[in-house]
Amino acid sequence: MAAIGAIIHRALSKRTLPLATTSISRSISALVIVEHEGGAIKPQSVSAVAAAKSLSDDDNTIAMLLAGSGPSLHLAASRAATCHPSVSQVLVADSDKFSYSLAEPWAKLVHLVHQRGGYSHVIAASSSFGKNVLPRAAALLDVSPITDIVEISGSSQFVRPIYAGNALCTVRYTGANPCMLTIRATSFPVPPVSSDSKLNEAPISQVDLSTFDEDITGKSRYVGHTSQDTERPDLGNARIVVTGGRGLKSAENFKMLEKLAEKLGAAVGATRAAVDAGFVPNDLQVGQTGKIVAPELYMAFGVSGAIQHLAGMRDSKVIVAVNKDADAPIFQVADYGLVGDLFVVIPELSEKLPGKK
Ligand SMILES: Cc1cc2nc3c(=O)[nH]c(=O)nc-3n(C[C@H](O)[C@H](O)[C@H](O)COP(=O)(O)OP(=O)(O)OC[C@H]3O[C@@H](n4cnc5c(N)ncnc54)[C@H](O)[C@@H]3O)c2cc1C
């Protein structure tokens, strides 16, 4: 890349926030709201279990709640039973009412299950699904949820970002049970499942839905589901993410980035400006109002580095930025920066990198 006249910027030191850990000893029984698809548990739900485990040093009771219908639900339940050694119970709500992940019936289900189980905590990942269901369930239970938690310092003390991730705020929950939380999955990494995980298989039981309120016409209705037919990894869990900004200039030019992503086995991300300009669909948006990612490698091309974008990617392990403007703010968070024209850099990288043709 020497021909490009590269200037390498060293990253500014990344923020670290030491926090005193408070150990509040009280009996923890957590209910984790689980997302599943095609018989598989979504990784962010296993992160929610890891978060539940970290609520205290004692042996917390952790129940996972799955809802849906058909064989994939039961396959997902059997996988949930072995997904984390701390899971003590898997609860399955099998009904056509949960075939599509609509928030209204789900919120009622959480309400019903909590009334029977009397949980101290109810936890969901801070995904679109979790952000949709948890506040509704909290309203039904008349408690205030605490959202987007990145650190747990005790059973009622949590750290969450504010001001688009520019500051971290420590909050203490003083309300009634249950304490309802959404957690940022990237902040609660999941240990690999050991080969003897069968030994830790949690019991699976059905939720009795005989008293479930039938009158849930709700304010939303399932219309359809579209997903990208791609072999690329999921943006939220990918080890490498290559992101394009407005600097890409068109949808057509994003294909260059897709080619690079294929070579790297990476997911493609985008800024909101690129999404708003119609270059890519909005499920690729990274940032405050998009997805939060923390891959091992994050490569940003033609991205200025607005705080709302940084809010979604600043926890990435290594950040590489390519921008023609040496003063672009993205360089302040980048570990490696290249001042150059992306229309030269991306094709050159794609050509020189080994990988799938
Ligand atoms: C409430 C709110 C929420 C928001 N949420 C999000 C969010 O979730 N995610 C998000 O991304 N944004 C979000 N935004 C928008 C955000 O403020 C920025 O507008 C946006 O991130 C800018 O996107 P960009 O970097 O692609 O575009 P620009 O800021 O226009 O930057 C384009 C960059 O490309 C560089 N460039 C141009 N041509 C080339 C070239 N040939 N080679 C190399 N570099 C080139 C330019 O130097 C420039 O730095 C939000 C804004 C608000 C107000």
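**How do strand E2 and strand E5 (residues 61-68) pair, parallel or antiparallel, and over how many bridges?** They run in the parallel sense, and 5 bridges hold the pairing. That pair is a handy way into this structure, which is a predicted model.

## The chain overall

Counting elements gives 8 helices and 18 strands. The chain has 357 residues, and 43% of them count as buried. If you look at contacts between residues at least 6 apart in sequence, 70% join residues at least 24 apart.

## The seven-stranded sheet

E2 and E5 belong to an open sheet of 7 strands, with parallel pairing and the order E8-E12-E7-E2-E5-E6-E13. At the edges sit strand E8 (146-149) and strand E13 (204-206), each of which pairs on one side only. From one strand to the next, the twist averages 25°.

Let's zoom in on E2, which spans residues 29-33 and has 4 of its 5 residues buried. Facing E5, Ile33 stands opposite Leu65. E2 also runs parallel to strand E7 (residues 121-125), joined to that strand by 3 bridges. There, Ala30 of E2 is placed opposite His121 in E7. Over at the E13 edge, strand E6 (residues 87-94) pairs with E13 in the parallel sense, again over 3 bridges. Leu91 has Ser205 of E13 as its bridge partner.

## Helices on that sheet

Helix H2 (residues 71-80) packs on the sheet and touches E5, E6 and E13. The direction of H2 makes about 165° with that of E5. Helix H4 lies across E2, E7 and strand E12 (179-183), and runs at about 170° to E12.

Asn132 is a residue of H4, the helix of residues 128-141. Is Asn132 buried or partly exposed? Asn132 has 17 C-beta neighbours inside 10 Å, so it counts as partly exposed; the buried class would need 20 or more. Asn132 also sits 8.5 Å from Leu102, C-alpha to C-alpha, with their positions 30 residues apart in sequence.

## Two nonpolar cores

In soluble globular proteins, nonpolar side chains tend to be buried together. Here, the largest nonpolar core has 57 residues. Which residues have the most contacts inside that core? They are Val32, Met64, Leu65, Leu66, Ala80, Val90 and Ile123.

Leu65, met above as the residue opposite Ile33, makes a good example. Leaving out residues up to four places away in sequence, Leu65 touches Leu31, Val32, Ile33, Val34, Leu91 and Val113. There is also a second, separate core, this one of 44 residues, and Val241, Ala274, Val286 and Tyr298 are among them.

## A three-stranded sheet

Another open sheet has 3 strands, ordered E9-E10-E11, with antiparallel pairing. Strand E9 (151-154) and strand E11 (167-172) stand at the edges with a single partner strand each, so one side of each has no neighbour in the sheet. Neighbouring strands here are turned by 30° against each other on average, with direction ignored.

The antiparallel pairing between E9 and strand E10 (residues 157-162) covers 3 bridges. Within it, Glu151 has Val159 of E10 as its bridge partner.

## Helix H8

Helix H8 covers residues 342-352, and Leu342, Val345, Ile346 and Leu349 are its buried residues. Why do they line one face of the helix? Seen down the axis of H8, the buried residues fall within an arc of 95°, so they share one face. On the other side, Glu351 and Lys352 are exposed.

What do the buried residues of H8 pack against? Their partners are helix H5 (251-264), strand E16 (297-301), strand E17 (318-323) and strand E18 (336-339).

## Around the ligand

The ligand has 28 residues around it, and Gly245, Gly247, Arg272, Ala273 and Gly287 come nearest. Two or more residues of this shell come from each of helix H6 (272-276), helix H7 (307-310), E17 and H8. H6 gives the largest share, 3 residues.

E17 and H8 thus turn up twice: both give residues to the shell, and E17 is one of the elements that the buried residues of H8 pack against.

Methods
Residues are numbered from 1 along each chain as its sequence is written. This is a predicted model: local features need pLDDT of at least 70, side-chain atom pairs count only at pLDDT 80 or more; totals for chains, interfaces and linings use all residues. A residue is buried if 20 or more other C-beta atoms lie within 10 Å of its own, exposed if 12 or fewer, and partly exposed in between; C-beta atoms are placed from the backbone. The arc is that of the directions from the helix axis to the C-beta atoms. Two residues are in contact if their C-beta atoms, placed from the backbone, lie within 7 Å. A nonpolar core is a set of buried Ala, Val, Leu, Ile, Met, Phe, Trp, Tyr and Cys residues joined through C-beta atoms within 7 Å. Two strands pair if DSSP finds at least two bridges between them. Axes are lines fitted to C-alpha atoms, for helices over the stretch in contact, and angles run from 0 to 180 degrees between N-to-C directions. A residue is near a molecule or strand if its C-beta atom, placed from the backbone, lies within 6 Å of it.
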